[in-house]
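Visitor: I have a structure open and would like to go through it piece by piece. Can we start with a single residue?
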Amino acid sequence: MDRFVVRGGAALNGTVRVSGAKNSALKLVAAALLAPGRTVVRNVPAIGDMGAMAEVLRHLGVRVDEQPETQTLDVPDTIGCEAPPELVRRLRASIIVLGPILARCGRARMPLPGGCNLGSRGIDMHLAGLAQLGAEVTYANDYVEAVAPEGRLRGADLELAYASVGATENLLMAAVTANGTTRIRNAAREPEIADLAAMLSAMGARISGVGTPELRVEGVTALNPTEHEVVGDRIEAGTFAVAAAVTGGKVTITGVDPAHVGLPLDKLRQIGASVDAGAGRITVAGGHALRAVDVVTLPFPGFPTDMQPQFLVLLSQAVGPSMLTENVFEARFGFAEELARMGADITIEGHHAIVRGPTPLRGTDVRATDLRAGAALVVAGLIAEGETAVHDARHIDRGYADLAGKLRGLGADVRREATASVGAA
Ligand code: UD1
């Protein structure tokens, strides 16, 4: 098992450019399935999940050329309609191919996806929406199968019970070539959805209401391939912002739209960091006493659940008690136990975490329980006394491109180590 080894103490200083957003890029390459021909996606992050998604697409017949930051996807006239079980179970985001496959083939079959360890992550809204678009959806032996009776979905009025990111994206991709008009009410408004809608529109889709809770899609008969650049990763940007504030350094983050990081930046200001945002860049400086604040996670434009673990680390250094309320995923405080082992004072009560600071952190062996928790533990290591080893580095590699290298560029003492497996032949 590989690990990140962090020696704490250095304040981060300098400039870092974030990569393209994982949560956008994964969907954009899936959207390529909707049009035969060559689609080029730029500003693709060099992360594990992109490689896994490329494998899924290859299995469906797409030729994927993975260059640094660019994926070229040659999509055949006829694509496979069944996603590969072993890959899908590894990557939850692969559920996103369901809508495009159904739209292209009139039929799709795939096993239930795996991915993060974040409690129950249902796909009921994805399936209910596809059924409303006319698909016959059946579920047996851990497989889901959807069939459009006449080979084409039909437009419908959909209302999501919750503004799910994945369901909004899947249904949007299913609807763009459906017969007639689709409305998706209570749609998610994350910037990654706007990015997907922009790419689909460039492919010839007719979508309006982007950025509002109601998307309207007028179905077209076919889409064209396109070229598209992935939006900057707001969660990666937020992670460096927290790292700057908590280490008392000063970091300029480029490659991201500050409007996409609105609430986390407001919270950073309330906590006592200084934040200066301009076009495509954010400068965050710490060094002042940090104040306790309460944080509540909600769908965009609310505070992102993907920034919750990093803020728990930050608030462990603020004076007084803070309450962090998790509303999006049910099991996202698993990593609080790891942070507590480094010295943080955290009490979990249902979906609330109460953290009392400031407490000095000390380096020890900890485990990345999921992607964002892993990154948060690396950030914790930056301020811990001595050395912190964050095991299960693969979780971090799934979503952060060269985290250790980027942190070293800002003056941190971080290295990524491969652990030799004992007894390996
Ligand atoms: C995406 C992001 C993830 C982020 C999350 C919320 C990707 C690859 N992942 O995940 O990083 O944390 O948005 O911003 O883009 N739910 C159901 N039934 C459904 C769909 C969702 O019960 O049919 C529940 C989930 O279990 C979860 C909540 O809704 O508790 C949020 O899920 P959703 O917004 O769909 O997140 P993802 O698309 O999985």
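Guide: Yes, take Pro111, which is buried, with a relative accessible area of 0%. Buried means under 20% relative accessible area, exposed over 50% and partly exposed in between, with a 1.4 Å probe and protein chains only.

Visitor: What kind of model is this, and how are residues numbered?
Guide: The model is predicted, so local features need pLDDT of at least 70 and side-chain atom pairs count only at pLDDT 80 or more, while totals for chains, interfaces and linings use all residues. Residues are numbered from 1 along each chain as its sequence is written, and side-chain values use heavy atoms, with hydrogens and water left out.

Visitor: Back to Pro111. Which strand is it in?
Guide: Pro111 belongs to strand β6. Strands are DSSP runs of E with at least two residues, helices are runs of H or I with at least four, and both are numbered from the N terminus.

Visitor: What does Pro111 touch?
Guide: Leaving out residues up to four places away in sequence, Pro111 touches Ala83, Pro85, Val88, Arg89, Asp142 and Tyr143. Contact means heavy atoms within 4.5 Å. Pro111 and Tyr143 are 32 residues apart in sequence, yet their C-alpha atoms are 4.1 Å apart.

Visitor: New topic: helix α4. Why is it called largely enclosed?
Guide: Six of the eight residues of α4 (residues 98-105) are buried, so the rest of the structure largely encloses this helix. The buried ones are Leu98, Gly99, Pro100, Ile101, Leu102 and Ala103.

Visitor: What do those buried residues pack against?
Guide: They pack against α1 (22-31), β6 (107-111), α5 (124-132), β8 (143-147) and α6 (165-175). Just after α4, Gly106 has a positive phi of about 80°.

Visitor: And β3, which strands does it pair with?
Guide: β3 (residues 37-42) runs antiparallel to β5 (residues 70-75), joined by six bridges. Val41 has Gln71 as its bridge partner in β5. β3 also pairs with β13 (residues 227-229), in the parallel sense, over three bridges. There, Val40 stands opposite Glu227. Two strands pair if DSSP finds at least two bridges between them.

Visitor: Zooming out, how many helices and strands are there in the chain?
Guide: The chain has 14 helices and 23 strands. Of its 425 residues, 57% are buried.

Visitor: What about its radius of gyration?
Guide: The chain has 22 Å, which agrees with the value near 22 Å for a compact globule of 425 residues. That radius is taken over C-alpha atoms, and the globule rule is 2.2 Å times the number of residues to the power 0.38.
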